[in-house]
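Open the model in your viewer and keep the selection box at hand. We will walk through it stop by stop, with something to click on at each one.

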Amino acid sequence: MSTSTSARRTDPGTGPPPPAGAVPVSRSRAAAALCCVAGLVHLLVAREHVEVWALAAFFFITVSAGQLWLAQALWRGLNARLVPAAVLLTSGLVALYVLSRTIGLPIPAAGEVGLSESHHAGPQVPGGQGNGVPVLPGSGAGTAIATVGPLDLVCLVAQLGALALLVGLLPAGQRRSLGNLLLAVGLCGWVVWGLVHFT
Amino acid sequence: MPELGCRSREFSQVANAVGGLRLGWTDMLEGETMSLSRRDLMKLGVVGGAALALPLERTVSAGSIAQSRLASSRLPPPFTLPFRVPEPLRPYRTDATTDFYKVYMKPLQAEVIPGLRTPLWGYNGLVPGPTVRVSQGRRTVMRQVNNLPGRHPILNYTPWTSVHLHGSASLPQYDGYASDITNPGQYKDYVYPNTQTARTLWYHDHGLHHTAENVLMGLAAQYQLTDSLEQSLPIPHGDYDVPLLVSDAMFASDGSLFFDNHDESGMYGDVILVNGVPWPTMKVKRRRYRFRILNASVSRSYQWSLDSGDVLTVIATDGGLMPYPQKVQRFRHGAAERYEVIIDFSKMPVGRRVVLRNTSPKNNIDYVNTNKVMAFDVVGDDFDPAANSVPDVLNPTNPTMLLTARDAVRTRRLDMVREHGRWTINGHTWDDVVKSKFSLVEADPREGDVEVWEIRNPSGGWFHPVHIHLIDFRILDRNGRPPMPHELGPKDVVYVGENETVRVVARFEGRGKYMIHCHNLVHEDHDMMTQFVVRADQDVFDPFSDPCKSLPEANDL
Ligand SMILES: [Cu+2]
C-alpha cells in the first residue's frame, strides 16, 4: 500500500489540504476529546474500586490523570515525540481491559462492590477454601472477570477512537510497524474469539 | 522536533476525525505524509473489533463451561415415571437418651431423565436425602461428613457445607450458621434437642455463598418429629403418611444440571420433581392419605390444586399441627414452607387419575409442564381402615397459636429490598454481618420476650419466603387482612408476596445468634440474610463454638 496515493487524495468533507508543514489539529483535538472521556470514566470508576482494593483505585486514578494530561497536551499541541508513547499507553490499557473482561486479572473483581451482580468482596472466606462463589456458565460471576457495562463500553470506544487518531499522528515508518504489531494482536484476539464462539 | 499546532478547524472536520473512517488527510509533519491509509484503517479495525468482540463474548472465563439446555423433547412426558419415597435413615447407634446418625455427603450419578446421567450430591449419596424419623424427647446427634469433591465440576467452587435442620430450635452452633462451614475433608457432629411439637422438618445445606447450588445438587431431605398427640390422632400414619419433596430443575444436553440464576433473581427449572422423580405417578388406595409437602425448590413457589376439584385439607404447617384443619381448593406454597395435607381418594372410582396441579403464583418463570406436579392413580387394593379420618380439632393449645399482638413487648420491622442489584434486609446483607465480625443484628429480644415483626416487601416484581430461624411464629395479618386459611398454624417461613406487609408474633425462647433470610436461595446467597440475637444473662452460645473437625473421623460417635 502506498501512502503517497492516499496522501494525494483530499477529503471531500474537509476542503483543500492544509499547507505543507501544518499540523493535524483536528485529529489531535479529537484525540484529546476522546482521551478526556476515557480519563473521566476512569476517574469515575476509581471511586467504586476504593472499597474493593485501594491499590486498584490508585491505578485508576493514575490512569485517569495520565489520560487527562494527555488530553490537554493533545489539545494544545503535543510534542510529536510523545505520540508513540501515547499509542503504546492507550493500546496497553485496551489490552488490560480486554483481559479483565475475558480471562480476568488477579485482583478482586473490579467495580463489583455494591453496584453490580458479584458483590462478595472478599476473595477468601475465613476457614474456607477459596471464595466459595459459584461461577455460573456465561456469567463470569464470582471470578476476577468483571462484567461489561455501558460505562466500560463508552471508555473502550473512546480509547479505540483515540488510538486510531494517535496512530494517524505517527510518522509513516512508525505507523507501519506499530500498525503491524496491533494487527498481529488483533488477529490473535479474533482467533481466540473464533475458538470461543464456534467451539 | 516541531510541536503539533493548535489551529482550529470546523466541527465537521473534528467529527470526521472522530469517526476515523474518512481517508485522505494530508497533514504534514517533518515532511512526512500524515494520513490513515486504507491499510492502516484495516489494521485498526481488526484490533478494535477484537477489543470489542472479546469482552462481549465473555465466555473465555476460566472455569466457566458453556452449557446448552436439554431440549424439552428429551424430557419424559408427565406421569410416565413411578413415584417413590425417600429411604429412611437408620441410627448408627442409640443409647438411653440419644439416637446417633452418620451422614456422608458425596457425589452420585442419577438417572433423573431417562437415558441421561446427572451428577448430583446427596446425603449418603441419595437424592433426596434419607428421611429421619424421631420421637419428641429423644436427642439426635448427626455426624455430617463432607466427602464432596474439592471443586464443583461445572461451577468451580469449593463446596463447603453447613447443615441446617430447618424447623428445629437447635443451639446456635448446631443451627447451620452460614459462616460456620465444613470444607470437603472435614466433618461436624450436629446435636438436635427434638423438644418441640411434632412437625415436618428438613435438613439442607446452608453454606455461605452457594446454598442454592448445593441444594439444587441434592443436599436436602425430610426429618419428621413425632409426639404423643400426633401419634394419638386418627390421621393417616405409616404407609399413608407420605413425604413429598417438590423441587424443580433444568438440565443440560449432557444430563448435568443447567445453572442459570437469571441475574441473581432465582433458579427455575422446566422439570418438576417429586422426591427426585419428574412428574411421577403414585398408585393410591381408596382412602385418605396424608402428604407432607415440602417445597424444596431453590426459588419456585407453587399454588396447588387437584384437577378433580376436590378439596385439600391442610392439617399442619411448618411448626406442626394446626389448631383446626382447613379445607381449601388451592393454596400458595413458598420455598421451604411445609404443609401437611389430607387428600381423600375414598369416593373416587378405581382407575381414576387425579392430577396435582400448580397454578403458578406470579413472578415465577414457567415452562410448558410446570403447571403439573404429579398424578394419583386410584387402585382397588385392600387397605388398613385405621387412622383414616380428619378430626375437627387438632392442636388447639399450641402456645404459639395463642399469642396475640397484645402480648408483644415491642414491634420491629424487616424491609426486604433490592438495592443496587443486591438483596437486602433493612439495608443489610450477610457481607455486612461478616464485616461487623458477626456483631451486626437486626433485633435483640431478651429470652422469653414476645415481639411482633412486621415484614415488608415493597416491590411488585418479586416475592420473598422469609425464614426466621429458632422460633415458631403465628401470622397475625397480611396487608391488614387475616392470614390465608392454610397459614392458620405455627410457621417459621412466611410468604411475603408482591407489595405485601405481613405481621407475625413470636416468643423468643433460646439464646444466641440466629439467621433471618429469604428462602429464595438465590436471594439468600446474594445476600438477603442477616441475623438477630436472643439475649440472656448466661449460657449464650456462639455459632462458632463447636467448629468442624478434619477427617479421619474420631471414633467418638
Ligand atoms: Cu427473596
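The tour below begins with one chain as a whole and then moves through selected sites of the other.

**Before you start**

Keep in mind that this is a predicted model.

**Stop 1: chain A**

Select chain A and show it as a cartoon. You will find six helices and zero strands, so to speak an all-α run from the N terminus on: α-α-α-α-α-α. Of the 199 residues in this chain, 54% count as buried. Now turn on contacts: among those in chain A between residues at least 6 apart in sequence, 72% join residues at least 24 apart. With a surface drawn, chain A exposes about 8700 Å², and carbon and sulfur atoms supply 72% of that area.

Stay on the surface and select Leu40(A), Leu43(A) and Ile61(A). These three make a nonpolar surface patch of about 260 Å². Leu40(A) sits in helix 2 (residues 25–52) of chain A, and its relative accessible area of 46% makes Leu40(A) partly exposed.

**Stop 2: the copper ion**

Move to chain B and centre on the copper ion. Which protein atoms are its donors? They are ND1 of His464(B), SG of Cys518(B) and ND1 of His523(B), lying 2.0 Å from the ion. Along the chain, the donors follow the spacing H-x53-C-x4-H.

Click on the donors one at a time. Cys518(B) is buried, at 0% relative accessibility. His523(B) is buried too, with a relative accessible area of 1%, and belongs to helix 7 (residues 521–525) of chain B. Show the surroundings of His523(B): leaving aside residues up to four places away in sequence, His523(B) touches Glu264(B), Ser265(B), Trp423(B), Phe463(B), His464(B), Cys518(B) and Met528(B).

**Stop 3: an open sheet in chain B**

Next, colour the strands of one sheet in chain B. Seven strands form this open sheet in the order 15-14-13-17-22-19-20, with mixed pairing. Its edges are strand 15 and strand 20 (320–328) of chain B, each of which pairs on one side only.

Zoom in on strand 14 (residues 271–274) of chain B. Are its faces covered or open? Both are covered: Val271(B) and Leu273(B) on one side, and Ile272(B) and Val274(B) on the other, are all buried. In a regular strand, side chains alternate between the two faces of the sheet.

Now look at the neighbours of strand 14. Strand 13 (residues 241–249) of chain B runs antiparallel to strand 14 and is joined to it by four bridges. Strand 15 (residues 277–278) of chain B is also antiparallel to strand 14, with two bridges between them. Leu273(B) is a handy residue to label here: Leu273(B) is the bridge partner of Ser247(B) and stands opposite Pro278(B) in strand 15 of chain B. Strands 14 and 15 of chain B form a hairpin with two residues between the strands, where Asn275(B) takes a positive phi near 50°.

**Stop 4: salt bridges**

Switch to side chains as sticks. How many salt bridges does a search of the whole structure find? There are 39 over all chains.

- Select Asp248(B) and Arg300(B). Their salt bridge has its closest N and O atoms 2.8 Å apart. Asp248(B) is in strand 13 of chain B, and Arg300(B) is in the loop between strand 17 (288–295) and strand 18 (302–306) of chain B, 52 residues apart. Asp248(B) is buried at 3% relative accessibility, and Arg300(B) is buried at 0%.
- Select Arg338(B) and Asp492(B). Their side chains meet in a salt bridge of 2.9 Å, N to O. Arg338(B) lies in strand 22 (residues 338–344) of chain B and Asp492(B) in the loop between strand 29 (474–478) and strand 30 (493–496) of chain B, so the pair ties together parts 154 residues apart in sequence. Arg338(B) is buried with a relative accessible area of 1%, and Asp492(B) is buried at 1% relative accessibility.
- Select Asp415(B) and Arg456(B). This salt bridge is 2.7 Å, N to O. The pair links strand 25 of chain B, which holds Asp415(B), to strand 27 (residues 450–457) of chain B, which holds Arg456(B), 41 residues apart. Arg456(B) is partly exposed, at 27% relative accessibility.

Then select a group: Arg133(B), Glu230(B), Asp241(B), Arg290(B), Arg292(B) and Glu340(B) are joined into one network by salt bridges that share partners.

**Stop 5: a loop residue**

Finish at Arg406(B), in the loop between helix 5 (399–402) and strand 25 (410–419) of chain B. Arg406(B) counts as exposed, at 76% relative accessibility. Draw a C-alpha to C-alpha distance from Arg406(B) to Asp449(B): the two are 12 Å apart in space and 43 residues apart in sequence.

Definitions and conventions: Residues numbered from 1 in each chain as written. Chains lettered and ligands numbered in written order. Predicted model: local features only at pLDDT ≥ 70, side-chain atom pairs only at ≥ 80, totals over all residues. Heavy atoms only, no water. Donors = N, O, S within 2.8 Å, 3.2 Å for Na, K, Ca; no water. Buried < 20%, exposed > 50% of the residue type's maximum accessible area, 1.4 Å probe, protein only. Pairing = 2+ DSSP bridges. Patch = residues over 30% accessible without salt bridge, like charges linked within 9 Å, V, L, I, M, F, W, Y side chains within 5 Å. Areas by Shrake-Rupley, 256 points an atom, 1.4 Å probe, with all protein chains shown as cover. Salt bridge = Lys/Arg side-chain N within 4 Å of Asp/Glu carboxyl O. Contact = heavy atoms within 4.5 Å.
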